[in-house]
Amino acid sequence: AVDIPCSAFRSSWSNPRIEWKFQKGSSLQLFYYGGKLTEPYQNRVQFSPTSIHFESVTREDSGKYICEVVGDGSHIAKSEVTLTVQGGDSVPCHPPRGHLPSPPRDLVSPRVPGDREGCASL
């Protein structure tokens, strides 16, 4: 599991509009817009104002995640996180069974070739 933080979120702003975008190379797509997750993320990601949560990731999820928050007036804040997923192209990465999830700043353990545990890094 991977949590990507939105450090641009300001709880003091009333009714902020939050948008997430995903950039991979020169391609940029809306990820979360108008209060909804877009395809193909609707069934794979959980949204909260301060982060997005992937239960599992694949190499296709590697790229830059951009969070933009627009508040009242001209208040705009933006944060970016680059996610790198190591391992096979289509095999999801899951935390090892029987282990507690790592704290958000320690999402990655050293990767051994062929090992799928701890395969995402921010």
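**Entry 1: Cys-67.** I looked up the accessibility of Cys-67 in this predicted model. Its relative accessibility is 0%, so I recorded Cys-67 as buried. I then placed Cys-67 in the chain and found it in strand 7, residues 63-70.

**Entry 2: the partner of Cys-67.** Which residue does a disulfide join to Cys-67? I found Cys-6, with an S to S distance of 1.9 Å. That value lies within the 2.5 Å cut-off for a pair of cysteine sulfur atoms, so I accepted the pair as a disulfide. My count for the model came to one disulfide.

**Entry 3: what the link connects.** I located Cys-6 in the loop between strand 1 (2-5) and strand 2 (17-24). Because Cys-67 belongs to strand 7, the pair ties together parts that are 61 residues apart in sequence. Cys-6 has a relative accessible area of 5%, and I therefore entered Cys-6 as buried too.

**Entry 4: geometry of the link.** I read -65° about the S-S bond, and noted the link of Cys-6 and Cys-67 as left-handed.

**Entry 5: Asp-61.** I turned next to the loop between strand 6 (51-54) and strand 7, where Asp-61 is placed. Is Asp-61 buried or exposed? Its relative accessibility is 4%; since buried means under 20%, I recorded Asp-61 as buried.

**Entry 6: surroundings of Asp-61.** I set aside neighbours within four places in sequence and listed the contacts of Asp-61: Phe-22, Arg-44, Phe-54, Ser-56 and Leu-83. For Arg-44, I also noted a polar contact of 2.7 Å that joins its side chain to the side chain of Asp-61.

Methods. Residues are numbered from 1 along each chain as its sequence is written. This is a predicted model: local features need pLDDT of at least 70, side-chain atom pairs count only at pLDDT 80 or more; totals for chains, interfaces and linings use all residues. Side-chain values use heavy atoms; hydrogens and water are left out. Helices (H or I, at least four residues) and strands (E, at least two) are DSSP runs, numbered from the N terminus. Buried means under 20% relative accessible area, exposed over 50%, partly exposed in between (1.4 Å probe, protein chains only). A polar contact is a pair of N or O atoms within 3.5 Å; within protein, one must be able to donate a hydrogen and the other to accept it, and residues adjacent in sequence count only if both atoms are side-chain atoms. Contact means heavy atoms within 4.5 Å.
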